Amino acid sequence: MIVMSAGPTTVSREKLNYMIKNSTNTDIDKNYITIHRETEALISKLVNTNAKSFVMLGEAILGLEAACSSLIEEGDRVLVIHNGFFGYGFKYFIEMCGGIPVMLEMDYTKGLNKDILDGYLKKDSDFKFATLVHCETPSGIMNPIDEICPLLQDYGVLSIVDAVSSIGGEFIDFDKFKIDVLIGGSQKCLSVPSGLTLITISETAESIVLNRKTPIKSYYCNFKNHLEKSGSREFPYTMNDSLIYGLNISLKNILDTDYVSIHKEFGERVRNAFIKSGLKLYPKSHFSNTVTTVLLPDNITDVEIVDRMVQKGVFISPGVGHLEGKTIRIGHMGDNLDENMIIETLKALDEVFLEKNIVLECSLTESFMKYNVFF
Ligand SMILES: *Cc1c(COP(=O)(O)O)cnc(C)c1O
């Protein structure tokens, strides 16, 4: 099978072998502890900061919930800035820990707008935190967190950013963007199997976690347990050796390449192929370089296409949330960025559209192969 979904992404055979080979006892093996702490430092390096990073054992949703349960206390007002599925979803985690979500909805077809936020905050900025998403994976939109987070800081509001499908694919400068909590996951651009949450945290946010009025109401969704053991030989619980070795090698590989340009090039080429074919992309601007969301004609559903693609040996993603039924998504991130794999995917899609009597103005495969971003 070719995995071109919007996550989990392809994990190269080489990485899988490395993960299995380095299986060990994470509580006793000193070498493991060194690798684990090195991996945390590499996460910080990837987001261009000296701020602390740590890894939690659990799929990235754990990070979203744990950020809320670790930072928010009963009655805290939290601004939920949303233009998509994941942005909206923060509401539920905030409510679970007794916070009061205040929803700021923006245009779902574009990136978050700094001026609208500024206008809003001028009237009401009584928030301890704001939540937002870097890449809205369901809609294929990359939000300008480099504009939004500094503005939030100007108003004294801390930012909690879901960067699950952008970390390792898109440029992130944790310090310059003035981010307070950045949440990443292993199974998107980092191309490690699902099961790890990556957290990077500012000193301000750390001190809030450590100086709460009330204890955090969870052991597992708890940043404090990790922050207190930071740099030591201990972890709050037994870690997963294979996943950490996979993450370690993945981060080293990524940091050795110009990963931002590579994602940009493939992103542009895939988008161009769909545009030339006459199909419409869902976003009107702020296109993500890690995932492309394509609107389907009315007479066909996402599941029909995805199921037929599976029969042809290729995984792509269907629509999610308000785009369910109406869109398909190609994940061009991490180990999915293989020219041949993308060509195989587009070839299969060309065939499926033909079978379903959807006439394209131009073959997806040909447009992808012809397009050169350098001209
Ligand atoms: C993948 C992803 C998550 C994790 O959620 P899943 O249920 O594994 O999809 C969280 N946020 C974003 C933006 C994601 O892309």
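Biologist: What is the relative accessibility of Lys110?
Modeller: Happy to start there: this is a predicted model, where local features need pLDDT of at least 70, side-chain atom pairs count only at pLDDT 80 or more, and totals for chains, interfaces and linings use all residues. Residues are numbered from 1 along each chain as its sequence is written, and side-chain values use heavy atoms, without hydrogens and water. Lys110 counts as partly exposed (buried is under 20% relative accessible area, exposed over 50%, partly exposed in between, with a 1.4 Å probe and protein chains only), because its relative accessibility is 36%.

Biologist: Which side chain meets that of Lys110 in a salt bridge?
Modeller: The N to O distance of this pair is 3.9 Å, and a salt bridge needs a side-chain nitrogen of Lys or Arg within 4 Å of a carboxyl oxygen of Asp or Glu. The partner is itself partly exposed, with a relative accessible area of 36%. The side chain that meets Lys110 is that of Asp107.

Biologist: How many salt bridges does the structure hold?
Modeller: Lys110 with Asp107 is one salt bridge, and Asp76 with Lys128 is another, at 3.6 Å from N to O. For the structure, the number of salt bridges is 20.

Biologist: How many residues apart in sequence are the parts that Asp76 and Lys128 tie together?
Modeller: Asp76 sits in the loop between helix 3 (61–71) and strand 3 (77–82); helices (H or I, at least four residues) and strands (E, at least two) are DSSP runs numbered from the N terminus. Lys128 sits in the loop between helix 5 (114–123) and strand 5 (129–133). The pair therefore ties together parts whose separation in residues is 52.

Biologist: Is Asp76 buried or exposed?
Modeller: Its partner Lys128 is partly exposed, at 29% relative accessibility. Asp76 has a relative accessible area of 13%, so Asp76 counts as buried.

Biologist: Which residue forms a salt bridge with Glu355?
Modeller: The closest N and O atoms of this pair are 2.7 Å apart. Glu355 belongs to helix 12 (residues 339–355) and its partner to helix 11 (residues 302–311), 47 residues apart, so this pair, too, links distant parts of the chain. Glu355 is partly exposed at 39% relative accessible area, and the partner is partly exposed at 24%. The residue paired with Glu355 is Arg308.

Biologist: Which residues are joined into one network by salt bridges that share partners?
Modeller: The bridge of Arg308 with Glu355 is a good place to begin. Through shared partners, the salt bridges form one network of Arg308, Lys312, Glu351 and Glu355.
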